[in-house]
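This report describes the fold of one protein chain, going from a single strand outwards to the sheets, helices and loops. The sequence and the structure come first.

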Amino acid sequence: MVENREKPPVALIKPSSTAKPPVALTKPPVATKQPVAAYAVGVGAGKAEWLTIEAIQTIEKCSVIICPQTKRGNSVAYEILEKSGVDVSAKTVVKALFPMTHDKEALDKNYSEIALQCIAYLEKGENVALLTIGDVALYSTAYQVARRIENRGYCVEYVSGISSLSVASALAKTALVEGNEPLHIIPTDAAIKEGSLKASLSLDGTKVLMKLGRSYEVALKMIYEMHLEEKSILVQNCGIEGERVLFLKEYEAENKELYKSETYFSIIIIKQVL
C-alpha cells in the first residue's frame, strides 16, 4: 500500500518594505575623460544661415579656433562665424595665413607648421577647431592640416559643411546630376596649366569648374569656343556680396558683365542637358 503523502505547502515570502536593495554584482563604470581632439569644420559657403548645427556645437566645445586668412588679412570663415552669433569671446582665435600657391613644397611647409601649432594646443588639453569655408571634403585647407595632425597620432574628427557646389546648384535651380549622369569636378587653374581643360569639358555628364582664380577669363573663352554656352551657368560671388546667376547663352563672350566677379568665389556649371 502506497502512502498518500502531500507535498508541504510553499511559503510565499513577501518582500519587506524595509528590505535593502540587492547589492550590485559589478561596479559602475568609472567616468573617463574624453580625449582632446582637432576638428576640421566646414562652415558653409558664405552665409551664416549655412552654418550647420553640428558645426556650431563643435565650435562651442573647442577653446581654440584656427581660421584661414589671406595676405590682405581677410578671413571669410571667421566672418561667417561672427555673423552666426556664436560666442567666441572666451576662446583663443588664431588667424593662420594659407598661401595661394601651387608650389607643393611651400604648401607642405605651411600645412605642417600650422599642424604643429594645433598640436601645441592639444598637448595643453585644449580642443581645436580648424575652420574652412564650404565643405571640409572639397579642396579644403583644414583637411590638409588635420591629416598631418592625425598622422602624428592625435585624435581628429571631420565635420562636413554646405559646399559652394551645392549652393551654386540650388541658386541656378538645377540638379547637378540626374539619372545615371556622371559628375566631373574640375580644378580649373590646374587643368589649364596642364593643358587638360578642353578634354575635361568634352566629357559626358555635368562638369563643374571650381578654383577658377587667374584662369577665369580663359575658361569662359574656351566655353564659348567649344559652343558650350547653351548648357552653361555661371554663379558669380557664390555665397558673398554681389552673388549673381548668369546663363551664358544670354550673353556674348565679350560682355563685360561676365567679368565682374570675385573669381575665387565663382563657379561654372556645364550640364549635359540644360
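In this predicted model, strand S7 is covered on both faces: Thr206, Val208 and Met210 are buried on one side, and Lys207 and Leu209 are buried on the other. With 5 of its 5 residues buried, S7 (residues 206–210) is therefore largely enclosed by the rest of the structure. Two pairings involve this strand. Strand S6 (residues 183–187) pairs with S7 in the parallel sense over 5 bridges, and within that pairing isoleucine 186 has leucine 209 of S7 as its bridge partner. Strand S10 (residues 267–270) runs antiparallel to S7 and is joined to it by 3 bridges. Here lysine 207 stands opposite isoleucine 270 of S10.

**The chain as a whole**

The chain holds 8 helices and 10 strands. Of its 274 residues, 41% are buried. Of the contacts between residues at least 6 apart in sequence, 70% join residues at least 24 apart.

**The parallel sheet**

An open sheet is formed by 5 strands, in the order S3-S2-S4-S1-S5, with parallel pairing. Strand S3 (92–97) and strand S5 (156–159) are at the edges; each has a single partner strand, so one side of each lacks a neighbour in the sheet. On average, neighbouring strands of this sheet are turned by 20 degrees against each other, direction ignored. Strands of a sheet pair through backbone hydrogen bonds, either parallel or antiparallel.

At one edge of this sheet, strand S2 (residues 64–69) pairs with S3 in the parallel sense over 6 bridges. Isoleucine 65 has valine 93 of S3 as its bridge partner, and proline 68 has alanine 96 of S3. Helix H2 (residues 76–84) makes a right-handed β-α-β unit together with S2 and S3. Helix H3 (residues 104–123) lies across strand S1 (38–42), S2, S3 and strand S4 (128–132), and runs at about 165 degrees to S3.

**Helices H2 and H4**

Which residues of H2 are buried? They are Ala77, Tyr78, Ile80 and Leu81. These residues cover an arc of only 155 degrees around the axis, which puts them on the same side of H2. On the other side of H2, Glu82 and Lys83 are exposed. The buried residues of H2 pack against helix H1 (53–60), S2, S3 and S4. Glycine 85, just after H2, takes a positive phi of about 90 degrees.

Helix H4 (residues 141–151) has Ala142, Val145, Ala146, Arg148 and Ile149 as buried residues. Seen down the axis of H4, they fall within an arc of 160 degrees, so they line one face of the helix. An α-helix has 3.6 residues a turn, so residues three or four places apart point the same way. The packing partners of the buried residues of H4 are S1, H3, S4 and S5. At the N-terminal end, serine 140 caps H4, with a side-chain oxygen 3.1 Å from the backbone nitrogen of alanine 142. After H4 comes glycine 153, whose phi is positive, near 95 degrees.

**Loop residues**

Serine 163 is found in the loop between S5 and helix H5 (164–171). Its relative accessible area is 8%, under the 20% limit, so serine 163 counts as buried. Leaving out residues up to four places away in sequence, serine 163 touches Ala45, Gly134, Asp135 and Leu138.

Most residues other than glycine have a negative phi, and most peptide bonds are trans. Where do residues with a positive phi lie in this chain? The table lists two that are not glycines.

| Residue | Phi | Loop | Relative accessible area |
|---|---|---|---|
| Tyrosine 139 | about 50 degrees | between S4 and H4 | 39%, partly exposed |
| Asparagine 237 | near 50 degrees | between strand S8 (232–236) and strand S9 (244–247) | 7%, buried |

Tyrosine 139 is thus partly exposed at 39% relative accessibility, whereas asparagine 237 is buried at 7%.

Definitions and conventions:
Residues are numbered from 1 along each chain as its sequence is written. This is a predicted model: local features need pLDDT of at least 70, side-chain atom pairs count only at pLDDT 80 or more; totals for chains, interfaces and linings use all residues. Side-chain values use heavy atoms; hydrogens and water are left out. Two strands pair if DSSP finds at least two bridges between them. Helices (H or I, at least four residues) and strands (E, at least two) are DSSP runs, numbered from the N terminus. Axes are lines fitted to C-alpha atoms, for helices over the stretch in contact, and angles run from 0 to 180 degrees between N-to-C directions. Contact means heavy atoms within 4.5 Å. A crossover is right-handed if, with the strands pointing away from the viewer, the path from the first strand over the helix to the second runs clockwise. Buried means under 20% relative accessible area, exposed over 50%, partly exposed in between (1.4 Å probe, protein chains only). The arc is that of the directions from the helix axis to the C-beta atoms. A polar contact is a pair of N or O atoms within 3.5 Å; within protein, one must be able to donate a hydrogen and the other to accept it, and residues adjacent in sequence count only if both atoms are side-chain atoms.
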